[in-house]
Amino acid sequence: MINSIEGLPPGLAASVSAEEKSHIAGIKLRGLLPFAVTPHFASLARPERDDPIRRQFFPDPREAIPDPFALDDPLGEARHRVAPCLVHQYRNRALLLAAKTCAGYCRHCFRRAWIPGKVGFHPDPSFRSDDWNAAFAYLAAHAEIGEVLVSGGDPLTLDDDKLGELFRLLRGARADIALRLCTRVPITEPSRLEAKTIALFAGFRPLWLSVHVNHPRELSAQSRDSLAACVKAGIPVKTQTVLLQGINDDPALLAELFQDCLELGLLPYYLFQLDLAPGTAHFRVELRRGLAVYRELGRLLPGPNLPVYAVDLPGGGGKIRLHENAIAGERTSEKGAEYVLKDANGREWYYPAG
Ligand SMILES: *Cc1c(COP(=O)(O)O)cnc(C)c1O
Ligand code: SF4
């Protein structure tokens with residue numbers, strides 16, 4: 001794991017400006033998301049400051065600019081947390097925070113409050129299966145839950161033994177439950193998906209992967225091989241993408257990304273409007289512009305290949321689909337200009353305008 005400028009490939013290390021250096025030096029003191037990237041992901045970056053790969057892992061001085069719209073718990077998960085690591089927001093599916101580590105940090109991450117600053121392929125030693133027990137008990141008592149999203153952090157930072165233990169315990173709680181692994185590791189560290197890992201997945205069907213991928217250049221030869229091997233082994237893979245200012249907010253580029261995914265047998269699933277995590281405002285695409293990008297994307301991709309454009313309503317309203325009529329109005333709050341959005345029950349929620 002690379003977590004210092006000196007650890008970067010020489011071309012990238014040489015590209016770091018004085019301003020970036022001083023920002024990195026202050027990250028810990030300011031309590032910002034730490035800097036960490038896998039050698040594989042770093043190898044995909046180019047030295048230009050606006051490179052779409054570099055920007056996703058390299059700390060940006062703009063992270064320190066206060067954002068009035070930022071929320072510490074952008075998805076309002078605390079409202080729906082039924083056990084220390086289980087979020088039950090939708091009737092028939094629940095989300096398990098199974099790991100507190102990531103293979104590297106995405107600068108746009110909305111889960112930053114959960115991951116404690118540890119990176120690498122070692123489960124946080126303070127976070128053991130004992131902590132999962134309350135979640136298993138809840139699942140056992142709630143037969144309406146048919147699917148568990150195994151998330152984190154990144155669950156693929158757990159080793160195969162630990163993952164196998166987790167899957168066995170989940171199926172012990174509920175023999176019939178479907179498993180959805182939410183991960184970025186096939187992109188950031190594709191070598192993690194060894195043949196024995198894929199065989200482990202295959203032994204726990206129904207199980208599918210939801211892979212976080214944002215740019216066509218993230219689909220390296222190694223990532224393509226790993227993901228194609230999953231599909232070949234009968235593990236469905238769907239994608240989720242975050243719309244990011246200056247990185248992928250371009251219809252032709254997104255069309256290329258989703259076409260590439262389809263060729264590998266991956267199904268485009270979600271395109272997310274950015275969540276309001278602290279230090280990420282410079283990644284936010286103006287909502288009306290996001291809608292325009294999506295409209296154009298719809299012209300470039302056949303309907304069934306188009307992911308759903310959605311937002312998690314800030315503060316805990318849940319996911320809604322975004323389309324031209326989703327904006328119910330505008331208002332000005334003490335934070336600034338906001339769009340009015342409505343959840344399935346007609347309740348109003350707000351997302352920054354501009
Ligand atoms: C996104 C999410 C889900 C899954 O929703 P899908 O629409 O099935 O992808 C489940 N639980 C929580 C808490 C979520 O945020
Ligand atoms: S892999 Fe997911 S949880 Fe981890 S830093 Fe990236 S977005 Fe956040």
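**Exercise 1. Find which side chains have an N or O atom close to an oxygen atom of ligand 1 in this predicted model, and see how well the ligand is covered.**

Step 1. Start at arginine 180: an N or O atom of its side chain is 2.8 Å from an oxygen atom of ligand 1. That is a polar contact, meaning a pair of N or O atoms within 3.5 Å.

Step 2. Go on to tyrosine 269, where the side chain also has an N or O atom 2.8 Å from a ligand 1 oxygen. For arginine 93, the distance from a side-chain N or O atom to an oxygen of ligand 1 is 2.6 Å.

Step 3. Now look at the cover: of the 380 Å² of accessible area that ligand 1 has on its own, the protein covers 90% (Shrake-Rupley method, 1.4 Å probe).

A note on reading the model: residues are numbered from 1 along each chain as its sequence is written, while chains are lettered from A and ligands numbered from 1 in the order in which they are written. As the model is predicted, local features need pLDDT of at least 70 and side-chain atom pairs count only at 80 or more, whereas totals for chains, interfaces and linings use all residues; side-chain values use heavy atoms, without hydrogens and water.

**Exercise 2. Work out which strands supply the shell around ligand 1.**

Step 1. List the residues around ligand 1: Val87, Gln89, Tyr90, Arg93, Leu95, Leu149, Arg180, Tyr269, Tyr270 and Lys319 (each has a heavy atom within 4 Å of the ligand).

Step 2. Match them to strands (DSSP E runs of at least two residues, numbered from the N terminus). At least two shell residues come from each of β2 (86-90), β3 (93-97) and β8 (267-272).

Step 3. Pick the main contributor: β2 gives three residues, the largest share.

Step 4. Sort by class: six are nonpolar, one is polar and three are charged.

**Exercise 3. Describe the surroundings of ligand 2 and trace one of its neighbours to a cis peptide bond.**

Step 1. Around ligand 2 you will find Cys102, Gly104, Tyr105, Cys106, Cys109, Gly153, Arg184 and His212.

Step 2. By class, this shell has four nonpolar, three polar and one charged residue.

Step 3. Follow glycine 153 into the loop between β4 (147-151) and α6 (160-173). Glycine 153 is joined to glycine 152 by a cis peptide bond, with omega about 20 degrees.

Step 4. For another cis bond, go to arginine 205 and proline 206, where omega is near 0 degrees. Proline 206 lies in the loop between α8 (195-202) and β6 (207-212).

How values were computed:
Polar contact = N/O pair within 3.5 Å; in protein donor to acceptor, adjacent residues only side chain to side chain. Helix = DSSP H or I, 4+ residues; strand = E, 2+ residues; numbered from the N terminus. Nonpolar A, V, L, I, M, F, W, Y, C, P; charged D, E, K, R; others polar.
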